[in-house]
Amino acid sequence: MTHWITLLAVEEVAKEGGLFDLDATLPLMAIQFLVLALILNATLYKPLGQAIDGRNDYIRNNQLDAQQRLSQAEKLAAQYEQELAGARRQAQAVIAQAQAEAQKVAAQKIAAAQQEAQAQREKAASEIEQQKQEALASLEAQVDALSRQILEKLLGADLISQR
C-alpha cells in the first residue's frame, strides 16, 4: 500500500511540473497563515500573554512585599535584641543591688548578734566573777570557822578565848 501512495505522489509531481509550484496558491497560503496567526494571537496568545504578565506582576509584587516584611522583621528583631540586652543589664543591676542590700542586712544582723553575744559573754563573766567572789568569801568564812574549830580542838577552848 505504501508503494501505491509513493507512486501516486510521483505521478502528481511529474504532471504539475515539480516539487514546488509557484503559482497563485503561494500568496494565498501566506495570507491564510497571517490571518491564522492574527486570529490565534487575538484569541489564544494575547490572553495567555496577559495571564503570564499578570502572574509575573503578582509574583514581583509578592516578592517585593516579602522583602519589605523581611526587612521590617529584621529591624524589629534587632530592636528587640537591643531591648532585651537593656532589660538584662537592668535585671543584673537590680540583682547586684539586691545582693548588696542583702549582704548589708546580713552584716548588720551579724554585727548585732556579735554585740549581743559579747554582751552576754560580759554578763556571764561578771556573774561568774561575782559568784567567784561570793564563793571565795563563803570559803574564807568556812576556812575561818574550820580553822577555829581545829585550833579549839588542838589547843583547847581556853587558849583561844584568852587570845
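The following questions and answers concern a predicted model of one protein chain.

Me: How many helices and how many strands does the protein chain have?
Reply: From the N terminus on, the elements of this predicted chain run α-α-α. No strand appears in that order, and the count is 3 helices and 0 strands.

Me: How far apart are the end C-alpha atoms of α2, and what span should its residues give?
Reply: Helix α2 covers residues 25-155. Its 131 residues, taken at 1.5 Å each, should span 195 Å. The end C-alpha atoms are 182 Å apart, which agrees with the expected 195 Å.

Me: On which residue is the kink in α2 centred?
Reply: Helix α2 takes in residues 25-155. Within α2 there is a kink of about 50°, and its centre is N41.

Me: Which residue follows α2, and what is its phi?
Reply: Helix α2 is made up of residues 25-155. After α2 comes G156, with a positive phi near 105°.

Me: What percentage of residues 24-45 is helix?
Reply: The unreviewed UniProt entry annotates residues 24-45 as "transmembrane region". In the model, the end C-alpha atoms of this stretch are 30 Å apart. Strand accounts for 0% of residues 24-45, while helix accounts for 95%.

Me: Why are D57 and R60 separated by about one helical turn, and what is the N to O distance of their salt bridge?
Reply: D57 and R60 both lie in helix α2, and because they are 3 residues apart, about one helical turn separates them. D57 is partly exposed, at 37% relative accessible area, and R60 is also partly exposed, at 45%. The side chains of D57 and R60 meet in a salt bridge with an N to O distance of 2.8 Å.

Me: Is R69 buried or exposed?
Reply: R69 forms a salt bridge with D65, and their closest N and O atoms are 3.1 Å apart. The two residues stand 4 residues apart in helix α2, so about one helical turn lies between them. D65 is partly exposed, at 28% relative accessibility. A residue counts as exposed when its relative accessible area is over 50%; at 57%, R69 is exposed.

Me: How many salt bridges does the structure hold?
Reply: One salt bridge joins D57 and R60. Another joins R69 and D65. The total for the structure is 2.

Me: Which residues form a nonpolar patch on the surface?
Reply: One member of the patch, L154, is in helix α2. L154 has a relative accessible area of 66%, so it counts as exposed. With about 480 Å² of accessible area together, the patch residues are L146, I150, L151, L154 and L155.

Me: What percentage of the residues of the protein chain count as buried?
Reply: The chain exposes about 15,000 Å², of which carbon and sulfur atoms supply 61%. A residue is buried when its relative accessible area is under 20%. Of the 163 residues of the chain, the share that counts as buried is 1%.

Notes
Residues numbered from 1 in each chain as written. Predicted model: local features only at pLDDT ≥ 70, side-chain atom pairs only at ≥ 80, totals over all residues. Heavy atoms only, no water. UniProt positions renumbered as here; feature names shortened; annotations may be inferred. Patch = residues over 30% accessible without salt bridge, like charges linked within 9 Å, V, L, I, M, F, W, Y side chains within 5 Å. Areas by Shrake-Rupley, 256 points an atom, 1.4 Å probe, with all protein chains shown as cover. Salt bridge = Lys/Arg side-chain N within 4 Å of Asp/Glu carboxyl O. Buried < 20%, exposed > 50% of the residue type's maximum accessible area, 1.4 Å probe, protein only. Expected span 1.5 Å × (residues − 1). Bend = angle between axes of the 7 residues up to and from the residue.
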